[in-house]
Amino acid sequence: MLTDNVFKKIVDGQIPTTLLHDDDLVLAFKDIHPQAKIHILIIPKKEIRTHADLTAEDLPIIARMHQVAQKLANDFGLKPGYRLVINCDRGGGQTVPHLHMHLLGGRSFGWPPG
Ligand code: 5GP
């Protein structure tokens with residue numbers, strides 16, 4: 001086991017969470033502190049600490065995360081657009097050491113990000 005973090009506990013079913021998506025590779029659920037009207041987290045079931053730890057064998061996982069993001073964006077009616085964010089490690093603002101993609105929508109977003 002890499003770390004005992006909250007997303008690992010969600011994957012293991014130790015923290016009851018309403019899932020928006022659940023398949024063999026990934027889970028999706030709402031962020032507990034939403035930063036937009038729609039704020040969903042898409043995480044791999046495999047323990048991957050951060051984006052920098054991905055390897056070629058993880059490509060199906062990354063592909064699935066993007067497929068799920070696109071499907072949920074459609075399901076939640078994010079027609080005007082949405083933002084996908086992966087914070088990598090402490091310098092990138094990552095606070096939970098289990099790879100995750102943020103799907104944000106329902107408002108407009110500025111650039112550059114903070
Ligand atoms: P990061 O800053 O690591 O990119 O994003 C971690 C995200 O996880 C944050 O947006 C935070 O609100 C969310 N989060 C932290 N703990 C929990 C939790 O127990 N449940 C849910 N649903 N989201 C969480």
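**Entry 1: strands 1, 2 and 3**

I began with strand 1 (residues 19–22) and strand 2, which pair in the antiparallel sense over three bridges. I took strands as DSSP runs of E with at least two residues and helices as DSSP runs of H or I with at least four residues, numbered from the N terminus. I counted two strands as paired if DSSP finds at least two bridges between them. The model is predicted, so that local features need pLDDT of at least 70 and side-chain atom pairs count only at pLDDT 80 or more, while totals for chains, interfaces and linings use all residues. I number residues from 1 along each chain as its sequence is written, and side-chain values use heavy atoms, with hydrogens and water left out.

Strand 1 and strand 2 form a hairpin, with three residues between them. Within this pair I found leucine 19 opposite phenylalanine 29 of strand 2. I then followed strand 2 to strand 3: five bridges join them, and the two run antiparallel. Here phenylalanine 29 stands opposite leucine 41 in strand 3.

I also looked up the cover of strand 2 and noted that four of its five residues are buried. Buried means under 20% relative accessible area, exposed means over 50%, and partly exposed lies in between (1.4 Å probe, protein chains only).

**Entry 2: strand 5 and its neighbours**

Which strands pair with strand 5? Strand 3 (residues 38–44) does so in the antiparallel sense over five bridges, and strand 4 (residues 82–85) is joined to strand 5 by four bridges, also antiparallel. On the strand 3 side, I noted isoleucine 40 opposite leucine 103. On the strand 4 side, arginine 83 has leucine 104 as its bridge partner.

Is strand 5 mostly covered or mostly uncovered? I recorded strand 5 (residues 101–105) as mostly covered, with five of its five residues buried. In a regular strand the side chains alternate between the two faces of the sheet. For strand 5, I listed Met101, Leu103 and Gly105 on one side and His102 and Leu104 on the other, all of them buried.

I looked at two residues of strand 5 separately. Histidine 102 is located in strand 5 and counts as buried because its relative accessible area is 12%. Its side chain and that of histidine 39 are joined by a polar contact of 2.8 Å. I used the term polar contact for a pair of N or O atoms within 3.5 Å; within protein, one must be able to donate a hydrogen and the other to accept it, and residues adjacent in sequence count only if both atoms are side-chain atoms. Glycine 105, also in strand 5, is buried at 0% relative accessibility. I noted that glycine 105 and aspartate 12 are 93 residues apart in sequence and 28 Å apart in space, C-alpha to C-alpha.

**Entry 3: the ligand**

I counted 15 residues around the ligand, of which the closest are Lys30, Asp31, Asn87, Thr95 and His102. A residue counts here if one of its heavy atoms lies within 4 Å of the molecule.

I then listed polar distances to ligand oxygen atoms. A polar side-chain atom of aspartate 31 lies 2.5 Å from one. For polar backbone atoms, I found 2.6 Å at threonine 95 and 3.1 Å at valine 96. The protein covers 82% of the 520 Å² of accessible area that the ligand has on its own; accessible areas come from the Shrake-Rupley method with a 1.4 Å probe, and for residues only the protein chains shown count as cover. Helix 1 (6–11) and strand 2 (26–30) are the elements that give two or more residues to the shell around the ligand.

**Entry 4: loops and backbone geometry**

Most residues other than glycine have a negative phi, and most peptide bonds are trans. I noted aspartate 89, not a glycine, with a positive phi of about 65 degrees. Aspartate 89 is in the loop between strand 4 and strand 5 and is partly exposed, at a relative accessible area of 29%. I also recorded a cis peptide bond from tryptophan 111 to proline 112, with omega near 5 degrees. Proline 112 lies in the segment after strand 5.

Is aspartate 58 buried or exposed? I found aspartate 58 buried, because its relative accessible area is 3%. Aspartate 58 lies in the loop between strand 3 and helix 2 (59–75), and its side chain makes a polar contact of 2.6 Å with the side chain of lysine 46.
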